[in-house]
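Dear colleague,

Please find below the structure that I am handing over to you. I would be grateful if you could read the notes beneath it with the coordinates open.

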There are 2 protein chains.
Amino acid sequence: MKQAVTLKDLARELNIATSTVSRALKGNPEISAVTTARVQKLAKELNYEPNALALSLRHSKTNTIGVILPELVHFFFSTVISGIEDIAYSNGYNIIICQSNENIDREILDTKALFNHRVDGILACVSRNTSVYDHFIAIQDKGIPIVFFDRDVPIDASKILSNDFEGGYNATKHLIESGKINLIHLSGPEGLMLSEQRTRGFIQAHQDLGIPFNKEKILRCGDGDAQENYKIIQNTLKKGMKFDGIFAVNDIAAVGALQALQAAHISVPQEVAIVGYSDWQFSSFISPRLTTIRQNGNEMGRKATELLLEEIHSKDIFIEPKCITLPTKIILRETTLNK
Amino acid sequence: MKQAVTLKDLARELNIATSTVSRALKGNPEISAVTTARVQKLAKELNYEPNALALSLRHSKTNTIGVILPELVHFFFSTVISGIEDIAYSNGYNIIICQSNENIDREILDTKALFNHRVDGILACVSRNTSVYDHFIAIQDKGIPIVFFDRDVPIDASKILSNDFEGGYNATKHLIESGKINLIHLSGPEGLMLSEQRTRGFIQAHQDLGIPFNKEKILRCGDGDAQENYKIIQNTLKKGMKFDGIFAVNDIAAVGALQALQAAHISVPQEVAIVGYSDWQFSSFISPRLTTIRQNGNEMGRKATELLLEEIHSKDIFIEPKCITLPTKIILRETTLNK
DNA sequence: TATAATAATGCAATCGATTACGATAATAAA
DNA sequence: TTTATTATCGTAATCGATTGCATTATTATA
């Protein structure tokens, strides 16, 4: 098997010490111009590339950021990753991405793996059903900074969140202002702070605009795939419940609802209007095009990475955790009446 | 700053040699039961975790696989990643994912970064506009095995491809058999082998089924986003070109075409039928639901990883590159007439 | 000419873990 | 009692690169 070229190989070939080779390669003025030239020439010839492992070990610094998130396939998360990459790469950092698949056990394994690889810091969005946080605390205790994003956690660390309350509030306000006052809400899983915030926004908007509200308006959907929400709306219609607007916790749920309505020959948005959440890629494709709340995933990724790098670069002095909440934006499309 | 616990720390605390600690931790019988117990107890107390960097350096083995692919957000690629994860994790390997963003320069940087991190092997799907392959050859020359997937490359290496010819053939055959004989094809970028294969299938099906074919039936779309294909179909209609079926190189293009038809009040599938490619997530959401060709991404990821691990584990002996072509499957939905 | 200053390079420790080999002590065999 | 054997543990080299501290050789200064 071919072996990678090392400093030692260059040194042997040129009959000098590895330390000299090392210095010559980085243009140290202590080394004579002649020697430097010889070394750099040979290095190029043999295609020498430094071993990042050895460097990391030496410097106790991997220049690598670990990223833990629930699923790659979500459009929102992929925009977050782009933001992370932008900042990380331009600062000379690599990233390692781990999917937890919304699985707490996988998440625990991921944190361990990232620690064992001695990443310089971690960006994490916890899985939906994470309720203990020891694995993160343990990492922090070992001196590795963590910044959480998108989903809130009861941990003393920096966080970049989206203003889910505001999103829920504005979605609901838009529905009400377009004349729909008998709304239902397809809500996310209990315990997931983010979905509870959206629900809170839903309720608050009712109160602020003087629209009556009761708990029956909230329909809880578990995983929130389209199929499930299709059935929920189907059942709701079957039970004879009346409504003229739906605020769904995400676009997938919204599509499920939309299809149930279409199957029942209920016109959207004339009879029932719909607002989704997150502005998935398909939301502008489907017919009618879906009104939704856009979160700035790229910005979230960038901000989170900037914060993390700050903490990495000042490992010695204590840094007060920051919590940044990013604004959302409503994207008006065809599933709501726009006046 | 808190520092991670090392073997040396344990050794100092217990007043024994690090070599003894190392052996005790892995239950080496040369170490007395008493000592072993003491070491393991302390290790647990101090939450000792071995430094993967040091191990990798020592063994010249990182147990890490590098993955290079164009974009994470593509549903197909995310299923490939799941397949890769399944096999990699169950074999004790971690993965590092790099997005090239269909950018050759980024791709070159990625290969370098992965090599510098001394990954044990690489799984790669080249970017759309990659036409030189020196960066991959260089990696191979350093003894790191590479397995390519999805997109074919003129490199002597193992490959897992999808049978794009078959997919294009069956899509076209289905359209013709459902009574549509005046088809057009929204084709992918020139030079991308995969899209040329699909086009070849389109042509061959015409010939085999005795349907006249001419080059005007092929409309080339560059990047292939929905907007672009919307315009292409719009222009085609404006020019008065007649057609009753569309085979699109991917689902996004198909949706663009679909929307252009709907805007022109042309009924799908009655007047014009559509077949897409790749079975994106949204394809079963939209209305009408899209008939498409499904590629088994998970299987592709699994097979590619298995092949790569084989090559990694037999680094010394030469392994003949294998090329596996996976079958595709047509998913019949509402954008075509199904008889 | 003797000494100091400078330039150029080598030696060896270091990062954290592993492992071949050597060393010590205790026990068994002769 | 002396030697061989075994159990147990330590020493040092190693992976690849860096870097503080010598060590030379050369030139400048007194």
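The notes below cover the DNA contacts, one helix and one residue.

Please bear in mind throughout that this is a predicted model.

DNA strand C

DNA strand C is surrounded by 26 residues, and the closest of them are A:Thr20, A:Thr35, B:Leu7, B:Tyr48 and B:Arg58. Of the atoms of DNA strand C that come within 4 Å of the protein, 65% belong to sugar and phosphate. By class, the surface near the strand is made up of nine nonpolar, nine polar and eight charged residues.

Both chains contribute helices to this surface: helix 2 (18-25) and helix 4 (52-59) of chain A, and helix 1, helix 2 and helix 4 (52-59) of chain B, each supply at least two residues. Helix 4 of chain B provides the largest share, with four residues.

The bases are also reached by polar atoms. In chain A, an N or O atom in the side chain of A:Arg23 is 3.2 Å from a base oxygen of DNA strand C. In chain B, a polar side-chain atom of B:Arg23 is placed 3.4 Å from a base nitrogen of the strand. B:Ala54 uses its backbone instead, with an N or O atom 3.3 Å from a base nitrogen of DNA strand C.

Helix 3 of chain B

Helix 3 of chain B comprises 13 residues (33-45); at 1.5 Å a residue it should span 18 Å, and the distance of 18 Å between its end C-alpha atoms agrees with this. Which of its residues are buried? They are B:Thr35, B:Thr36, B:Val39, B:Leu42 and B:Ala43. Viewed down the helix axis, the buried residues fall within an arc of 140°, and they therefore line one face of the helix. The general background is that an α-helix has 3.6 residues a turn, so residues three or four places apart point the same way.

The buried residues pack against helix 1 (7-14) and helix 2 (18-25) of chain B. On the face turned away from the buried side are the exposed residues B:Ala33, B:Val34, B:Lys41, B:Lys44 and B:Glu45. After the helix comes B:Asn47, which has a positive phi, near 60°.

B:Thr236

B:Thr236 belongs to helix 10 (residues 226-238) of chain B. Its relative accessibility is 4%, so B:Thr236 counts as buried, the cut-off being under 20%. The side chain of B:Thr236 comes to 2.6 Å from the backbone oxygen of B:Ile232. Beyond its neighbours within four places in sequence, B:Thr236 contacts B:Leu219, B:Met241 and B:Phe243.

With kind regards

Methods
Residues are numbered from 1 along each chain as its sequence is written. Chains are lettered from A and ligands numbered from 1 in the order in which they are written. This is a predicted model: local features need pLDDT of at least 70, side-chain atom pairs count only at pLDDT 80 or more; totals for chains, interfaces and linings use all residues. Side-chain values use heavy atoms; hydrogens and water are left out. The expected span of a helix is 1.5 Å times one less than its number of residues. Buried means under 20% relative accessible area, exposed over 50%, partly exposed in between (1.4 Å probe, protein chains only). The arc is that of the directions from the helix axis to the C-beta atoms. Contact means heavy atoms within 4.5 Å. A residue is near a molecule or strand if one of its heavy atoms lies within 4 Å of it. A polar contact is a pair of N or O atoms within 3.5 Å; within protein, one must be able to donate a hydrogen and the other to accept it, and residues adjacent in sequence count only if both atoms are side-chain atoms. Ala, Val, Leu, Ile, Met, Phe, Trp, Tyr, Cys and Pro count as nonpolar, Asp, Glu, Lys and Arg as charged, and the others, Gly among them, as polar.
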